[in-house]
Amino acid sequence: MASSPPFPSRLLYYDGKPRPASSGKTFQTVNPADATPLADVHIASHSDIDAAIASADRAFASWSQTPPIVRARILQRAAAILRERNDDIARVETLDSGKAYSETSVVDVVTGADVLEYYANLVGGGGLNGETTQLREDAWVYTKKAPLGVCVGIGAWNYPIQIALWKSAPCLAAGNTMVYKPSEFTPLHAQTLAEIYTEAGLPDGVFNVVNGAGDVGAYLTSHPLVAKVSFTGQVATGMKVAGSAAGNMKYVTMELGGKSPLLILPDAELENAVDGAMMANFYSTGQVCTNGTRVFVPASMRPAFEKRLVEKMQYVRPGSLFDPATNFGPLSSKIHLDKVTSYIRHGLEVDKAKLLYGGLGKPNVPKDLENGYWVQPTIFTDCTDDMRIVKEEIFGPVMSILYYQTIEEAVHRANNTELGLAAGVFTRDINLAHRIIDQLQAGITWVNSWGESPAEMPVGGWKKSGVGVENGRKGIEAWVRNKSTLVDMNGAVATVFAKL
Ligand code: NDP
């Protein structure tokens, strides 16, 4: 007889309580490190989704009228609880997503709580105030930033609780309510987050969770009571979601994929450049939307760069996810393993790219993890722009090195893509760094660094990588609409229709 999974079933959550799905249907979420089941997850039926949206709609009336300072206090309490329970939540994130605990324990919950605290402080401190403009002595215009209503958040699987927080924090701070759908591959955090919000004092119905696959997402995005959809995921899915939402005049934010260029300039400090390239490709086993997977290196630097890079690859350490030394986990699912493996195979057999490190086959991991979805960190060198591994987002630990002769050429090639999520430059010449950054077509850029994305920094893609931004002062604007009011103390009729 099959043993039951280690975690209790994950339910839906609406109107302030966990609730079983009316369909009675469930799916299992699996630990990607060893392919064992973790929990049964309830799948929302259409009537469950309707109920969750109705609960968010009811809650909107009073939450939107709750003074910002009171909303802020509740969200600050939630941030404090998240921090207190960091290690427990991070442990579950590690089991669900396959990311090493050395990462989840210091990044995933922390960076989510930071954003919650940031927006609580912003709205509590008057950050949602409108503007007043004096027109004439007796007339002025004032504007108000009004919440949108019921908003939908749909998340990807790579930063589960962080994505849920990056969406719900500004949404709730601005006075909206939310129905959130986590990825079916990493759903464990969502009920926990909803319970923490309730414990912190969030009124029933303000934050709700429905579980399920793409069809649940599609039903949410076309629902007539929904005012906005904030989506994180692949470009192809984003296009469907944006089409469905925009067709119904809903607001959208789209955080999509990338194929980001990292430019190492001839004067770059070698050690820093190699570290940057590794960080941009192997952190989170390469499952980061902003990964710098196209590494442009001056042809003259080739021997030194490749030598140091290969030497340093020993510091990428797959292994037991709770071993503090482990910094490289499995891929998040069997489907994703098959996808990444097929790209590596394509690189070897069709693109005929030169393999510098890794390749097909699993890395060395303890025997009890052999059924997990492991892939080797892989580096292809001397790649060309027309290779499929260079053009398409792989979303795994696969670096492509591209050599260039002139900086102008590197910038031109870096921009030669339909995507524009992130970009970065490594150089000791700070003036040149800013000139190059200015020319790169991407919404998120770094100089002599890669990957840090603090609460204060608005992030979002250009071109097909997205619409709008999350985080920073700019991020809250995506969760409000403007109302302008003109006040004239003389009255309107007097001027036009007055008696001659
Ligand atoms: P997907 O696009 O496959 O899925 C994202 C979410 O959308 C999931 O919850 C999914 O459900 C849901 N979904 C699927 N089909 C539909 C639909 N028709 N309507 C509404 N929702 C739907 O992305 P992944 O989960 O594979 O995530 C990886 C991608 O996310 C990468 O491309 C990565 O670059 C991008 N990403 C972007 C970030 C950014 O900030 N720009 C940050 C993180 C990731 P389910 O999977 O449960 O079936």
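This passage looks at the ligand site, the pockets and the cavities of a predicted model.

The ligand is a good place to start. A shell of 27 residues surrounds it, and Gly-155, Glu-184, Thr-237, Leu-256 and Glu-393 are the ones that come nearest. Sorted by class, this shell holds 12 nonpolar, 11 polar and 4 charged residues. Both domains take part: domain 1 (12-257 + 465-484) and domain 2 (261-447) each provide at least three residues of the shell around the ligand.

Several polar atoms sit beside oxygen atoms of the ligand. In the case of Thr-237, an N or O atom of the side chain is 2.6 Å from a ligand oxygen. Glu-184 also uses its side chain, with a polar atom 2.7 Å from an oxygen atom of the ligand. Gly-233, on the other hand, takes part through its backbone, where an N or O atom lies 3.3 Å from a ligand oxygen. As for cover, the ligand taken alone exposes 910 Å², and the protein buries 88% of that. Helix 8 (214-221), strand 10 (226-232) and helix 9 (235-247) are the elements that give two or more residues to the shell around the ligand. Helix 8 gives the most, with 3 residues.

Next comes the second largest pocket, with a volume of about 420 Å³. Its lining is made of 19 residues, and Lys-259, Lys-391, Glu-392, Glu-393 and Leu-419 lie nearest the pocket's centre. Glu-393 is thus named both here and among the residues that come nearest the ligand. By class, the lining of this pocket has 10 charged residues, along with 6 nonpolar and 3 polar ones. At least two lining residues come from each of helix 9, strand 13 (294-298), helix 12 (334-349) and helix 13 (388-391). Helix 9 also gives two or more residues to the ligand shell. Once again the two domains both contribute, with at least three residues of the pocket lining drawn from each of domain 1 and domain 2.

That leaves the enclosed spaces. Rolling a probe the size of a water molecule over the atoms shows where empty space is left. In this structure there are 4 cavities of 30 Å³ or more. The largest cavity has about 60 Å³ of space. Around it are 15 lining residues, with Pro-261, Leu-419, Gly-420, Ala-422 and Gln-441 nearest the centre. Strand 17 (419-420) and strand 18 (422-426) are the elements that give two or more residues to this lining. The class split for the largest cavity is 8 nonpolar, 5 polar and 2 charged. Leu-419 turns up near the centre of this cavity and also in the list for the second largest pocket.

The second largest cavity has a volume of about 50 Å³. Its lining consists of Gly-258, Gly-286, Val-288, Cys-289, Asn-291, Thr-293, Glu-393, Ile-394, Phe-395 and Gly-396. Here the residues divide into 5 polar, 4 nonpolar and 1 charged. Glu-393 is part of this lining too, as well as coming nearest the ligand together with Gly-155, Glu-184, Thr-237 and Leu-256.

Technical notes. Residues numbered from 1 in each chain as written. Predicted model: local features only at pLDDT ≥ 70, side-chain atom pairs only at ≥ 80, totals over all residues. Heavy atoms only, no water. 1 Å grid on protein atoms, 1.4 Å probe; cavity = no way out; pocket = protein on both sides within 12 Å on 5 of 7 lines; lining within 4 Å. Points joined across faces, edges and corners; volume = space filled by probe spheres on them. Helix = DSSP H or I, 4+ residues; strand = E, 2+ residues; numbered from the N terminus. Nonpolar A, V, L, I, M, F, W, Y, C, P; charged D, E, K, R; others polar. Near = heavy atom within 4 Å. Polar contact = N/O pair within 3.5 Å; in protein donor to acceptor, adjacent residues only side chain to side chain. Areas by Shrake-Rupley, 256 points an atom, 1.4 Å probe, with all protein chains shown as cover. Domains from an automatic or database assignment.
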